[in-house]
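Please look over the sequence and the structure below before reading on. The text then goes through charged pairs, the packed interior and the empty space, in that order.

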Amino acid sequence: MIRRGQSWISALLFIIVFIICWKFTDFNLTDIELSRWGKSGWIGRLWNTAVCTFAISIFINSFLYLKNKRRLGYRYLFYFLFALLSICLFMVGMYNMDWYIIHNLSAGLYFFFYPLTIFLFSYLNRKNLSYKDWSHKVGISVSMAIIPMILMSLFNGMAIAEIAHTLLVIIYNIKLSTGE
């Protein structure tokens, strides 16, 4: 119940902050990266705080899911991988685009390895997951990798691809928190 509540609250908070940042800036979503919102002022602090909060929520949700599913294999590997991904996303929020190397390295690791980690988790635990749960995880992880790549080729900026990726992360974490 706690995981479900914190996942929904975190997702709603992130979406509300996204809408606020979008409405209060003149940035065209097809030409920017979402991290541009985190560069300065109160919008920057709001955006970066939301990203850090989302990272903490992802960590808590993943940790509790793995803790409650004792039959899963390679649990300690996935504790490590999901913690690493949460740290990467947290660093994206902590270090804005002015910290070019740290920010971009953390963002790249997060966006590349999150779908890969979910896919590996599904593949290595295919015997311990229900078929429905396994297929959802595989579908989300493949979508999380392919859809943003398609969207990056269609638009100048990466914001639309980042939005698609984030919505899939939200869906994955809500499904995780409901125990599916």
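Lys 39 has a relative accessibility of 37%, so this residue counts as partly exposed. The model in which this value was computed is a predicted one. Lys 39 forms a salt bridge with Asp 98, and the closest N and O atoms of the pair are 3.7 Å apart. The two partners belong to distant parts of the chain, 59 residues apart: Lys 39 sits in the loop between H1 and H2, and Asp 98 in the loop between helix H3 (75–94) and helix H4 (100–124). Asp 98 is exposed, because its relative accessibility is 54% and the cut-off for exposed is over 50%.

Side chains of opposite charge can pair when their charged atoms come close. The structure holds 2 salt bridges. Besides the pair just described, Lys 137 forms a salt bridge with Asp 133, with 2.7 Å between the closest N and O atoms. Both residues lie in helix H5 (residues 131–154), and because they are 4 residues apart there, about one helical turn separates them. Are these two partners buried or exposed? Lys 137 has a relative accessible area of 2% and is buried. Asp 133, at 9% relative accessibility, also counts as buried, since buried means under 20%.

The next topic is the nonpolar interior. The largest nonpolar core has 43 residues, and Trp 37, Trp 47 and Tyr 114 are those with the most contacts inside it. Two or more residues of this core come from each of H1, H2, H3, H4, H5 and H6. H2 gives the largest share, 9 residues. What surrounds Trp 37? Leaving aside neighbours within four places in sequence, Trp 37 is in contact with Phe 18, Cys 21, Trp 22, Thr 25, Phe 27, Leu 29, Ile 32, Ile 43, Gly 44 and Trp 47. Trp 47 thus appears both among the residues with the most contacts inside the core and among the contacts of Trp 37.

What remains is the empty space. Rolling a probe the size of a water molecule over the atoms shows where such space is left. A search of the whole structure finds 2 cavities of 30 Å³ or more, and the largest cavity has a volume of about 50 Å³. Helix H1 (2–24), helix H2 (41–68) and helix H6 (159–177) each supply at least two residues of its lining. The residues that line the largest cavity include Ser 7, Phe 54 and Ile 170. By type, the lining divides into 5 nonpolar, 4 polar and no charged residues.

Key
Residues numbered from 1 in each chain as written. Predicted model: local features only at pLDDT ≥ 70, side-chain atom pairs only at ≥ 80, totals over all residues. Heavy atoms only, no water. 1 Å grid on protein atoms, 1.4 Å probe; cavity = no way out; pocket = protein on both sides within 12 Å on 5 of 7 lines; lining within 4 Å. Points joined across faces, edges and corners; volume = space filled by probe spheres on them. Nonpolar A, V, L, I, M, F, W, Y, C, P; charged D, E, K, R; others polar. Salt bridge = Lys/Arg side-chain N within 4 Å of Asp/Glu carboxyl O. Buried < 20%, exposed > 50% of the residue type's maximum accessible area, 1.4 Å probe, protein only. Core = buried A, V, L, I, M, F, W, Y, C linked by side-chain atoms within 4.5 Å. Contact = heavy atoms within 4.5 Å.
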